[in-house]
Amino acid sequence: MGNETLLTERGKILEAAVMTLLHQVDKPILLSIIAGGESQFIAHARSHWTGHGFTSEDYRKAFAMLKKRAIEVVPHIADAG
């Protein structure tokens, strides 16, 4: 299995982890995750999303996916940064 295949598979696993989280939380919790910021999310995710080989960049991508979803749900949060 080549390096490119591994990266693609890890990307799919990351997407699945984010989708699973989105199915587990309601809008207020999603918004509180975003309000806590990327650093807080990454610190929490590192201790809970283990065994997948996620990197710091993966956690940043996950937070960006969550933020994108939060903006879809509550568009005005995009104005807050």
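Is D58 buried or exposed? Keep that residue in mind while you orient yourself in the model, which is a predicted one, because D58 turns out to be buried, with a relative accessible area of 6%, and the tour returns to its surroundings below.

**The whole chain**

Begin with the protein chain coloured by secondary structure, where you will find three helices and zero strands, arranged along the sequence in the pattern α-α-α. If you then colour by relative accessible area, the buried residues should account for 28% of the 81 residues in the chain. A contact map adds a further view: among contacts between residues at least 6 apart in sequence, 67% join residues at least 24 apart.

**The nonpolar core**

Next, select L21, L30, I34, F41, W49 and L66, which are the residues that touch the most other members of the largest nonpolar core, a set of 21 residues. The elements that give two or more residues to this core are α1 (3-24), α2 (27-48) and α3 (56-73), and it is α2 that supplies the largest share, with six residues. In soluble globular proteins, nonpolar side chains tend to be buried together.

Stay with I34 and display what surrounds it, setting aside residues up to four places away in sequence: I34 touches F63, L66, K67, A70 and I77. Two of the names in that list, L66 and A70, will come up again when α3 is selected, since both are among the buried residues of that helix.

**Helix α3**

Now isolate α3 and place a distance label between its end C-alpha atoms, which are 26 Å apart; this agrees with the 26 Å that its 18 residues should span at 1.5 Å a residue. Within this helix, select D58, Y59, A62, F63, L66 and A70, which are its buried residues. Turn the view until you look down the axis of α3, and these buried residues fall within an arc of 140°, so they line one face of the helix.

From that set, pick Y59, a residue of helix α3 that is buried, with a relative accessible area of 5%. Leaving aside its neighbours within four places in sequence, Y59 is in contact with F41, I42, A45, R46, W49 and F54, and of these F41 and W49 were already selected as residues that touch the most other members of the core. For a distance to check along the way, draw a line from the C-alpha atom of Y59 to that of V18, which lies 41 residues away along the chain, and the separation is 9.9 Å.

**D58 and its partners**

Return to D58, which is found in helix α3, and show its side chain together with that of R10. The two side chains meet in a salt bridge, at 2.8 Å from N to O, and the pair links distant parts of the chain, with R10 in helix α1 and D58 in helix α3, 48 residues apart. Where D58 is buried at 6% relative accessible area, R10 is partly exposed, with a relative accessible area of 23%.

What else does the side chain of D58 approach? Select T55 and display its backbone nitrogen, which lies 2.8 Å from a polar atom of the D58 side chain. To complete the environment, and again leaving aside neighbours within four places in sequence, add the residues with which D58 is in contact, namely R10, L14 and G53.

**The other salt bridges**

How many salt bridges does the structure hold? There are three, and with the R10 and D58 pair already on screen, the next selection is R60 with E57, whose closest N and O atoms are 3.3 Å apart. Being three residues apart in helix α3, R60 and E57 are separated by about one helical turn. Both ends of this bridge are partly exposed, R60 at 34% relative accessibility and E57 at 40%.

Finish with R69 and E72, which form a salt bridge with their closest N and O atoms 3.1 Å apart. These two residues also lie in helix α3, three residues apart, about one turn of the helix. R69 is partly exposed, with a relative accessible area of 36%, and E72 likewise counts as partly exposed, at 47% relative accessibility.

Terms used:
Residues numbered from 1 in each chain as written. Predicted model: local features only at pLDDT ≥ 70, side-chain atom pairs only at ≥ 80, totals over all residues. Heavy atoms only, no water. Core = buried A, V, L, I, M, F, W, Y, C linked by side-chain atoms within 4.5 Å. Buried < 20%, exposed > 50% of the residue type's maximum accessible area, 1.4 Å probe, protein only. Helix = DSSP H or I, 4+ residues; strand = E, 2+ residues; numbered from the N terminus. Contact = heavy atoms within 4.5 Å. Expected span 1.5 Å × (residues − 1). Arc of directions from axis to C-beta. Salt bridge = Lys/Arg side-chain N within 4 Å of Asp/Glu carboxyl O. Polar contact = N/O pair within 3.5 Å; in protein donor to acceptor, adjacent residues only side chain to side chain.
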